[in-house]
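Student: Could you take me through the cysteines in this structure, one step at a time? I would like to know how they are placed and which of them are bonded.

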Amino acid sequence: MALRVAALFLLLSTPAVYAVQHVVGGPGGSWSTAGGYNTWAAGETFNVGDTLLFNYDTSHGVIEVSKGDYDNCNTGNALQSYTGGKTTVTLSNPGSMYFICPTLGHCGQGMQLVVNVQGSSSPPSSSTPTTPSTPSGSTTPSTSPTSSPSAKSSPSGSNGAVSGLDSLNHLMLGLSLVLAALFVRV
């Protein structure tokens, strides 16, 4: 009986989420002019689906910018803008993301961060998407619209990484419940 209880506890305590929340600056970190964020980021691995948690006081903010605006501390072309003292940003696409503080002079004082986001942290999908072909004789133009690489989803909106993780969470929970039921019956 003790073995069954231990196995059940192990199954139910298994983490169902693969995403990681990174507190900017490390545990207890604060987004401030103290800087050193890129040194911190160099020791981290960022994956699609992970989140960044910025903690800051009301004299600061967080904006996501392009590489050029990051390099020049230009706050005028924000891709996303956040205020409120505590901001969570979901890393929804692989590639580099650039963040600076919009308060005058703070970027130059070290309030800037670049994160290099790797591919998904969840297990690979078993299905491979296919691209539909255009039937011969079609008058459809050969070019199709594409989204801008700088287009971002709303911070409060749902995106593919989050919904994929939600599905994985539900699958893991269901599997844990089925296995728990099997252990209890034995």
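Tutor: Happy to; here is a close look at the cysteines. Keep in mind that this is a predicted model.

Let's start with the bond itself. A disulfide is a covalent bond between the sulfur atoms of two cysteines. The structure holds one disulfide, and its partners are Cys73 and Cys107, with 2.1 Å from S to S. These two cysteines are 34 residues apart, and their bond links distant parts of the chain. Cys73 sits in the loop between α3 (67-71) and β5 (80-82), while Cys107 belongs to the loop between β7 (95-100) and β8 (112-120).

Next, the handedness. The torsion about the S-S bond of Cys73 and Cys107 is about -70°, and therefore the disulfide is left-handed.

Now look at how each partner meets the surface. Cys73 has a relative accessible area of 29%, so it is partly exposed. Cys107, in contrast, is at 3% relative accessibility and counts as buried. The cut-off helps here: buried means under 20% relative accessible area, and partly exposed lies between that and 50%.

Finally, there is Cys101. The closest cysteine sulfur to its own is in Cys107, 8.5 Å away, which is too far for a bond. The reasoning rests on the limit for a disulfide, because the two sulfur atoms must be within 2.5 Å. Cys101 is also buried, with a relative accessible area of 1%.

To put it together: Cys73 and Cys107 are joined by a disulfide, whereas the sulfur of Cys101 is too far from the closest cysteine sulfur for a bond.

Definitions and conventions: Residues numbered from 1 in each chain as written. Predicted model: local features only at pLDDT ≥ 70, side-chain atom pairs only at ≥ 80, totals over all residues. Heavy atoms only, no water. Helix = DSSP H or I, 4+ residues; strand = E, 2+ residues; numbered from the N terminus. Buried < 20%, exposed > 50% of the residue type's maximum accessible area, 1.4 Å probe, protein only.
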